[in-house]
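Open the model in your viewer and keep the selection tool at hand. The stops below say what to select and what is there.

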Amino acid sequence: MVVLAVDLGTTATKVVAVDDQARVIASTERAYPMRTSGLEATHDPRQVLAAAFDALQELASEDVRAISLTGAMHSIMGLDAALEPVTDALSWADNRAVEQTERLRGTAEGRELHQQTGTPIHSFTPLMKLAWFHENGVRAAKWCEIKDFVHLHLTGELLNEHSSGSGTGLMNIHTLRWHEPSLEFAGVTADQLPPLVEPTHSTPLKAVIPGLRPGIPVVIGGGDGPLGNLGVGAATPGAGAVSLGTSGALRVAQLGPGVDEGGRTFSYAIGEGLWVRGGAISNGGVVAQWAAETFGVPVGELLTQAASADSDGLVALPYLLGERAPWWDPTAHAALLGLRREHTPPQITKALVEGVCQQLALVLEAVPNVESLRITGGAFRAPIWAQTLANTLGMPLHLTEDTGGSAVGAALLAWRALDEIESLTVDLVRPIQTITPDEKLVERYAQARPFVVKAYRALEDLYGESHL
């Protein structure tokens with residue numbers, strides 16, 4: 001018997017069949033475009049819906065016990081009174097709300113909203129996107145995330161849940177209800193948003209999908225970030241997970257919500273009282289891709305050369321795509337400090353890798369009581385990433401196979417809803433390798449980290465200048 005986990009991603013929807021031991025039995029995916037123009041990044045919600053239904057049908061069988069959902073967080077779309085789309089679905093990558101963000105960022109109101117909602121003040125959040133819609137005269141009867149829209153068409157019920165809801169900037173993480181000051185800022189009311197339920201909440205399947213039994217439970221699931229922890233076996237309090245692909249994130253599980261007073265971290269729910277605290281970074285493996293394109297060297301070859309290189313005093317602020325944690329600054333730009341004529345492409349690449357790892361170390365510093373870290377993601381196929389990260393974080397890293405991630409987390413929510421596993425802290429995932437830090441380099445990177453902070457602060461005021 002299996003459950004089917006539907007992972008609504010940025011460029012494709014993946015459906016994964018997972019058994020009750022967290023083993024991936026089968027998977028399929030359907031691609032679709034993310035349409036970008038300037039600061040805008042959107043999806044056609046009907047394309048995403050069709051992809052989900054098509055992929056579900058491919059893996060449908062009598063062995064399927066339930067369906068569970070996850071997906072990229074921070075999307076938002078408008079519906080009319082008949083629950084038909086009246087806007088595209090804005091992706092997390094949509095940054096049209098930069099102006100609204102900059103007006104709130106750093107203010108007392110912004111800090112209070114961050115503390116109450118667990119979501120940083122940043123243009124990726126539905127809070128800011130709704131404020132942009134409101135200021136630009138875009139109205140809707142209902143507002144929801146793309147996952148809510150797919151759930152609606154599977155079950156007939158428009159619902160959100162505490163996991164995705166905790167990433168909107170609209171939900172109070174202490175009361176688990178929509179937060180009135182956020183709603184007022186965004187120009188919406190609570191009845192324009194879906195009701196909030198637990199991530200393990202299930203609703204019978206009403207849609208007709210050939211091969212699936214009518215009425216099987218559809219578990220509403222949660223956001224891809226927190227469910228990524230669950231999917232790699234890092235949901236026990238103190239257990240952390242680092243994912244690194246084009247971008248990256250570091251999240252540590254804990255009981256109950258919590259955001260540091262400096263506003264450096266987010267706080268997102270897994271379910272059943274478990275939360276993650278941490279931060280996403282906008283620049284991960286993308287820095288190596290940029291270097292490879294710039295120097296005309298295949299990325300794998302360049303990273304191999306960089307692994308044995310010394311950055312020789314070169315410090316990189318790797319903000320090619322702005323930056324999220326811990327600065328939450330969409331206006332940040334990249335910089336190479338200490339660059340000299342004799343620096344080589346491998347040395348520059350090494351500095352960029354170190355810059356990314358230092359950014360994750362700054363996130364780690366903002367999270368208390370971290371006992372262990374598991375790592376997953378495509379970037380770790382190049383050994384330089386895992387070793388440099390271990391040296392920078394000063395902790396052993398336990399590498400897990402990149403087979404299911406958030407989809408496996410969603411499947412485990414379904415098995416929990418079916419009462420087939422005893423809790424969400426059950427660890428069914430076994431790491432395949434442990435990377436041990438080099439203590440000499442741990443000290444070197446720790447001594448260099450305050451310079452990274454000073455460099456960012458020194459340049460922060462300049463990022464808004466017109467010539468930058």
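Start with E272, which sits in the loop between β18 (266–271) and β19 (274–281). Strands here are DSSP runs of E with at least two residues, helices are runs of H or I with at least four, and both are numbered from the N terminus. The phi angle of E272 is near 55°, a positive value in a residue other than glycine.

Before going on, note that this is a predicted model, in which local features need pLDDT of at least 70 and side-chain atom pairs count only at pLDDT 80 or more, while totals for chains, interfaces and linings use all residues. Residues are numbered from 1 along each chain as its sequence is written, and side-chain values use heavy atoms, with hydrogens and water left out.

Next, select A325 and P326. The peptide bond from A325 to P326 is cis, with omega near -10°. P326 belongs to the loop between β20 (315–317) and β21 (335–337).

Keep P326 selected and look at the second largest pocket, which holds about 410 Å³ of space. P326 is among the lining residues closest to the pocket's centre, together with G262, G263, W327 and W328; 21 residues line this pocket. A pocket is an open set of points on a 1 Å grid over the protein atoms alone, with protein on both sides within 12 Å along at least five of seven lines, and lining residues have an atom within 4 Å of a point. Volume is the space filled by probe spheres set on the points, which are joined across faces, edges and corners. Now colour α3 (108–117), α11 and α14 (439–460), each of which supplies at least two residues of the lining. The largest share, four residues, comes from α3.

Stay with α11 (residues 345–365) and add α10 (residues 299–307): the two helices pack at an angle of about 85°, with their axes 8 Å apart. Axes are lines fitted to C-alpha atoms over the stretch in contact, and angles run from 0 to 180 degrees between N-to-C directions. The helices α10 and α11 are therefore roughly perpendicular to each other, a term for angles of 65 to 115 degrees. On α10, select L302, L303, Q305, A306 and A307; on α11, select P345, P346, T349, K350 and V353, which complete the contact (heavy atoms within 4.5 Å).

Last, select residues 3–231, which an unreviewed UniProt entry annotates as "domain: Carbohydrate kinase FGGY N-terminal". This span is 31% helix and 27% strand, and its end C-alpha atoms lie 14 Å apart.

Conventions
Parallel < 35°, antiparallel > 145°, perpendicular 65-115°, else oblique. UniProt positions renumbered as here; feature names shortened; annotations may be inferred. 1 Å grid on protein atoms, 1.4 Å probe; cavity = no way out; pocket = protein on both sides within 12 Å on 5 of 7 lines; lining within 4 Å.
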